[in-house]
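This report describes selected side-chain and strand arrangements in a protein chain. The sequence and the model are shown first, and the description follows.

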Amino acid sequence: MYRKLWLAVCLVPLFASLGMGQDWANKMFKVRTHDFGTVAKGAKVFYEFELQNIYEEDVHIASVRSSCGCTSPSIKSDTLKTWEKGAIVAKLNTDSFLGHKSATVTVTIDKPFYAEVQLNVSTNIRGDVVFEPGSVQFGTVEKGEGGVAKVHVSQAGRSDWTITDVRSNDDFLGVEMLETNRGGGRVGYDLTVRLKENAPVGFITSQLALITNDGRAPSIPLNVEGKVESPLSVSPGALQLGELKPGESTQKKLIVRANKPFKITGVKCDSECFQFAELPSDAKKMHFLPLTFTAGVEGGKIAEKIVIETDLAGGTEGESVATAVVIGGKSET
C-alpha cells in the first residue's frame, strides 16, 4: 500500500537534505526517457509520457517547458485525482530542426506541494528524407467503411536509396507503394495506406516502419492517425431500473439508431432477469427495443451489460449497461 501523501509532506525537509525531495513525483511516471530514433523531416512525431496519481491528494501540473525548441511539450490533463492517469506529450518539431537533437522536458507540479520532474527525449531528424504530409491521416470514418490516405516520400542525396518494405503491427492497415522518380540524386515514392473494414472502434495511433537499404538508418517511422466511430448508438447507454423488491418487474425501452437502415439480429444478456420483446424483422434507421426486468431473490445492486447485435457492416454491436437495486432480498443485511 502506498503511503499517504500527507506523510510525504512531513518528510520533505528530510528528503531535501538527502537530495531525494523529487522522488515522490518521479514515482508517478513509468518512463522518463524516450529515444525517437531516426525520423524524417516533416514527420509528425510525438510521444506520451504516461503518469498516474498513486497518492490520496489531487496532483496538479502547473506547467511544462523544454530545453530545446526541437521539442514542444503539452499537458494532456493538468489535474489528477487518486489513480487517475494523464500524460505529458512531447512533440518533435521536425519542420524546423535537423540532425541529432535532445531535449529535457521539465514538468512543474505545484499541488499538493512543489516538485519538478525531468523527462528526456532524443532523436535524429534526417533532412534528406521528407514526408508530405507528415503522417498518414484518415480523419474520422465509420466502422466498416475503411479509408484511404496518401503520403509522398522523397529522398535527396542517393540515387540508389530504396524502400524495400513497409511493415505494420496492425492487420487493419494495408500499404501499396509506387516509385515515382529516381535519378539525379533524388528518389520519390507514393504510399497509399488503406484502412481496412476490420479496424476497431476508437482512436488510431499506429505506426508504419519504412525499411530501407540505408545501413545507417534502416528503419524510418511514419505515424498513422485517425478515428473509427461506431455507426450504431444505443440510448440510454446507462439504463437505470431503480429499486425493486424480489419478484417485482419494470418495463423499459432502448433506442437503437444508425445512419442507414439496419436489422437487429440478436440481443445478449447474461442475466435471466431480463426478457426482451420479439425482435423487429424490418430494417429501419431507428428501433425501439422493449425489455422487462424482474428482480430475483438475491438482494443488493446489480449491473448487467445488454449487447445488441445488428446486420451492419462487420456485425456491428451496441451496448447498454442496466443497473438496479433489489431491496429485501436474501443477501441484504
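Over the ring of which residue does the charged end of Lys-253 sit? The ring is that of Phe-288, and the charged end of Lys-253 is 5.9 Å from its centre. This value, like those below, belongs to a predicted model.

**Aromatic pairs**

The structure holds 5 aromatic pairs. Two of them are set out in the table.

| Pair | Geometry | Centre to centre | Angle between planes |
|---|---|---|---|
| Trp-161 and Tyr-189 | edge-to-face | 6.3 Å | 70 degrees |
| Phe-274 and Phe-293 | tilted | 5.0 Å | 50 degrees |

The edge-to-face pair links distant parts of the chain, with its residues 28 positions apart. Trp-161 is in the loop between β10 (147-156) and β11 (163-168), whereas Tyr-189 belongs to strand β13 (residues 186-195). Trp-161 and Tyr-189 are both buried.

The tilted pair joins two strands: Phe-274 lies in β20 (residues 274-276) and Phe-293 in β21 (residues 284-294), so parts of the chain 19 residues apart in sequence are tied together. Phe-274 has a relative accessibility of 4% and therefore counts as buried. Phe-293 is buried as well, at a relative accessible area of 0%. Elsewhere, Trp-24, Tyr-55 and Phe-113 make up one aromatic cluster.

**The sheet containing β15**

Strands β9, β15, β14 and β11 form an open sheet of 4 strands in the order β9-β15-β14-β11, and the pairing is mixed. The edges are taken by β9 (136-142) and β11; each has a single partner strand, so one side of each lacks a neighbour in the sheet. From one strand to the next, the twist averages 20 degrees. The pairing of β9 with β15 is parallel and extends over 5 bridges. Thr-140 has Lys-227 in β15 as its bridge partner.

Two residues of β15 can be examined individually. Glu-225 lies in this strand, which spans residues 219-229. Is Glu-225 buried or exposed? Its relative accessible area is 16%, which is under the 20% limit, so Glu-225 is buried. The side chain of Glu-225 is joined to that of Lys-44 by a polar contact of 3.3 Å. Apart from neighbours within four places in sequence, the residues in contact with Glu-225 include Phe-46, Ser-135, Phe-138 and Ile-204.

Ser-219 is also placed in strand β15. With a relative accessibility of 35%, Ser-219 counts as partly exposed. Beyond its neighbours within four places in sequence, Ser-219 is in contact with Thr-38, Ala-209, Leu-210 and Ile-211. The C-alpha atoms of Ser-219 and Ile-163 are 9.3 Å apart, although 56 residues separate the two along the chain.

**The sheet containing β22 and β23**

Another open sheet of 4 strands follows the order β17-β23-β22-β19, with mixed pairing. Here β17 (238-244) and β19 (264-268) stand at the edges; each has a single partner strand, so one side of each is without a neighbour in the sheet. The twist in this sheet averages 20 degrees from one strand to the next.

How many bridges join strand β22 to strand β23? There are 10 bridges between β22 (residues 300-310) and β23 (residues 317-326), and the two strands run antiparallel. Across this pairing, Glu-309 stands opposite Glu-317 in β23.

Definitions and conventions. Residues numbered from 1 in each chain as written. Predicted model: local features only at pLDDT ≥ 70, side-chain atom pairs only at ≥ 80, totals over all residues. Heavy atoms only, no water. Buried < 20%, exposed > 50% of the residue type's maximum accessible area, 1.4 Å probe, protein only. Polar contact = N/O pair within 3.5 Å; in protein donor to acceptor, adjacent residues only side chain to side chain. Contact = heavy atoms within 4.5 Å. Phe/Tyr/Trp six-rings, centres within 6.5 Å; stacked < 30°, edge-to-face > 60°. Lys NZ or Arg CZ within 6 Å of the ring centre and 35° of its normal. Pairing = 2+ DSSP bridges. Axes fitted to C-alpha atoms, helices over the stretch in contact; angles between N-to-C directions.
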